[in-house]
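Trainee: I would like to learn how to read a few features from a set of atoms. Could we take them one at a time?

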Amino acid sequence: QVQVVESGGGLVQAGGSLRLSCATSGSIFSIRAMGWYRQAPGKQRELVAVINSGGSTNYKDSVKGRFTISRDNAKITVYLQMNSLKPEDTAVYYCNVQGSLSIADFTSWGQGTQVTVSS
């Protein structure tokens, strides 16, 4: 069983910064990718940023240059540094982890953390 726990959300003014963290635990054999998604009210969940086992990253166009994803392999933790936040970044942010257990692959989601950016 894999546990994924996010933290770091909150309320911030436009132009401010927040750092999200996502800690993973369990009997994990390997991690393929860790990423952040978000879902605003009335909208579909969308990919914000992802980092794979080799360290390659991919970002949603609207966050490029403002958000940075990074990971600590020893702690099996992924971070999302969000700078120059805009009201349209307001959403529930979810962490997604994909990898392998000893006998099967897995995809796990965290419970989500609210990010609210006021104008």
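Trainee: How many disulfides does a search of the whole structure find?

Mentor: One. Bear in mind that this is a predicted model. The disulfide joins C22 to C95, with an S to S distance of 2.0 Å.

Trainee: What is the handedness of the disulfide of C22 and C95?

Mentor: Read the torsion about the S-S bond. For C22 and C95 that torsion is about -80 degrees, so the disulfide is left-handed. The pair links distant parts of the chain: C22 belongs to strand β3 (residues 18-26) and C95 to strand β9 (residues 91-100), 73 residues apart.

Trainee: Are C22 and C95 buried or exposed?

Mentor: Both are buried.

Trainee: Next, salt bridges. How many does a search of the whole structure find?

Mentor: Six. One of them is between the side chains of R32 and D105, at 3.7 Å from N to O. The cut-off for a salt bridge is 4 Å, so this pair counts. R32 lies in strand β4 (residues 30-39) and D105 in strand β10 (residues 105-109), so that distant parts of the chain, 73 residues apart, are linked.

Trainee: Why does D105 count as exposed?

Mentor: Compare its relative accessibility with the cut-off: exposed means over 50%. D105 has 57% relative accessibility and therefore counts as exposed. Its partner R32 has a relative accessible area of 36% and is partly exposed.

Trainee: Which residue forms a salt bridge with E46, and how far apart are the closest N and O atoms?

Mentor: R38 is the partner of E46, and the closest N and O atoms are 2.8 Å apart. Check each residue separately for burial. R38 has a relative accessible area of 5% and is buried, whereas E46, with 28%, is partly exposed.

Trainee: What about D61?

Mentor: D61 forms a salt bridge with K64, the closest N and O atoms being 3.0 Å apart. D61 is exposed at 60% relative accessible area, and K64 is partly exposed at 47%. Elsewhere, salt bridges that share partners join R38, E46, K60, R66 and D89 into one network.

Trainee: Now the strands. Which side chains of strand β7 point to one face and are buried?

Mentor: Follow the side chains residue by residue. Along strand β7 (residues 67-72) they alternate: F67, I69 and R71 point to one face and are buried. T68, S70 and D72 point to the other face and are not buried.

Trainee: In what sense do β7 and strand β8 pair, parallel or antiparallel?

Mentor: Antiparallel, over six bridges, with β8 covering residues 77-82. To fix the register, take one opposed pair: D72 stands opposite T77 in β8. The two strands form a hairpin with four residues between them, and I76 in the turn has a positive phi of about 50 degrees.

Trainee: With which strands does β4 pair?

Mentor: β4 pairs with β9 in the antiparallel sense over nine bridges, and S30 stands opposite S100 in β9. β4 also pairs with strand β5 (residues 46-52), again in the antiparallel sense, over six bridges. There A33 stands opposite N52.

Trainee: Which residue takes a positive phi in the hairpin of β4 and β5?

Mentor: G42, with a phi near 75 degrees. That hairpin has six residues between the strands.

Definitions and conventions. Residues numbered from 1 in each chain as written. Predicted model: local features only at pLDDT ≥ 70, side-chain atom pairs only at ≥ 80, totals over all residues. Heavy atoms only, no water. Disulfide = S-S within 2.5 Å. Buried < 20%, exposed > 50% of the residue type's maximum accessible area, 1.4 Å probe, protein only. Pairing = 2+ DSSP bridges.
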